[in-house]
Amino acid sequence: MKKTALISLFFLFMLSSLAAMPQKESADPSLWPEEEVTVICPWAVGGVADIVNRSLAPHLEKELGVPVIASNELGAGGNVALTNYLHSDDINELILGGEGGFAISPYVEDPGVIRFTYDDFEPVINLYSSIMVLAANSKTGIDDLSGLIEYGRNNRITVAVNGVSGAEAFLVRALFDEIGLEYDLINYNGANLAVRAAAKGETVLSVSHQSQAASAVEDSSLTPILVFDGKRSDSHPFESVPSLSELGYDTYYPNTCALFVRKGTDAGIIERLQKAYLSALSEEDVKALYETLMIEMDPMVGHDYDAHISNVSKIVKGALDEER
């Protein structure tokens, strides 16, 4: 009996101790954050999103008053991290995301593969928008879209992309299906890795941010074919590269990288984050970084970002309907 009583007292003590511990999910929003904040980048170290995430962290620390940790979690073009994020209830975790997971994967992946929807998340602020460039390994002799079409008459084309259901992959898919080219999308866990693959000849083409392809274009290991936009780029060395619109095609959209929290996060926390990021984006070194990375500050919030995702979803569904 004494042993049973002691065991009962022990469990009562443990339960009362656990009840007294601070619970992250019930933290007072007005005091947030009280602990370090982690911002998860679901793409590779060294990519544009990763560089921006790490560069903003010191500025956010000053604004939020706690350490800000930039981390990476790879897999399925970002979808693994987005899925895992919803399984956690840590109020101090934030995550980056974009069109791939929210406006493309739901329509191109097999049903049941994607375990989340856009409605599971709340957009806090868009960190940047960028233009993607299609480039060919220079040894292929492909110099322009006409050359690519000619090459494709006798060869199946391999394209290095950041996730086969991501933004870059869909841009290729929509264009190549319209032209009638046979192709294979080769998955890499970052647009920077995709560029290296094409530059080394592992694939014929790559799709990436301009800044990640720039050095390979300058050393002549890659030849830019087109930019996925309505007008030509004003960034070196892509000024003379034709836009997709100029070539007579209209399936394009800006690639974005936004900060997200889980749906239901307190509005006060979201507002605090928006102010902190807007302040960080106003810093001169951050502006200089964006210029170097050839990306645009485009701090959409709330319904504006919702509208962007809705627009890309319409473009994707329209292109898929044409395929069928």
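Arginine 232 is partly exposed, at 37% relative accessibility. In this predicted model, arginine 232 forms a salt bridge with glutamate 246, and their closest N and O atoms lie 2.6 Å apart. Both residues belong to the loop between β9 (222-227) and β10 (255-262), so the pair ties together parts that are 14 residues apart in sequence. Glutamate 246 is likewise partly exposed, with a relative accessible area of 44%.

The search of the whole structure finds twelve salt bridges. Three of them, including the pair just described, are set out below.

| Salt bridge | N to O separation |
|---|---|
| Arginine 54 and aspartate 50 | 2.8 Å |
| Arginine 156 and glutamate 182 | 2.9 Å |
| Arginine 232 and glutamate 246 | 2.6 Å |

Arginine 156 and glutamate 182 meet through their side chains. This pair links distant parts of the chain, 26 residues apart: arginine 156 sits in the loop between α5 (145-154) and β6 (157-162), and glutamate 182 in the loop between α6 (167-179) and β7 (183-188). Together with Asp184, these residues are linked in a network of salt bridges.

Arginine 54 and aspartate 50 are four residues apart in helix α2 (residues 48-64), so about one helical turn separates them. Aspartate 50 is buried, at 3% relative accessibility, whereas arginine 54 is partly exposed at 38%.

Charge also gathers on the surface: Asp28, Glu34, Glu35, Glu36 and Asp266 form a patch of negative charge there. Within this patch, glutamate 36 is placed in the loop between α1 (2-20) and β1 (37-41), and its relative accessible area of 44% makes it partly exposed.

Technical notes
Residues numbered from 1 in each chain as written. Predicted model: local features only at pLDDT ≥ 70, side-chain atom pairs only at ≥ 80, totals over all residues. Heavy atoms only, no water. Patch = residues over 30% accessible without salt bridge, like charges linked within 9 Å, V, L, I, M, F, W, Y side chains within 5 Å. Areas by Shrake-Rupley, 256 points an atom, 1.4 Å probe, with all protein chains shown as cover. Salt bridge = Lys/Arg side-chain N within 4 Å of Asp/Glu carboxyl O. Lys, Arg positive; Asp, Glu negative; His and termini not counted. Charge placed at Lys NZ, Arg CZ, Asp CG, Glu CD. Helix = DSSP H or I, 4+ residues; strand = E, 2+ residues; numbered from the N terminus. Buried < 20%, exposed > 50% of the residue type's maximum accessible area, 1.4 Å probe, protein only.
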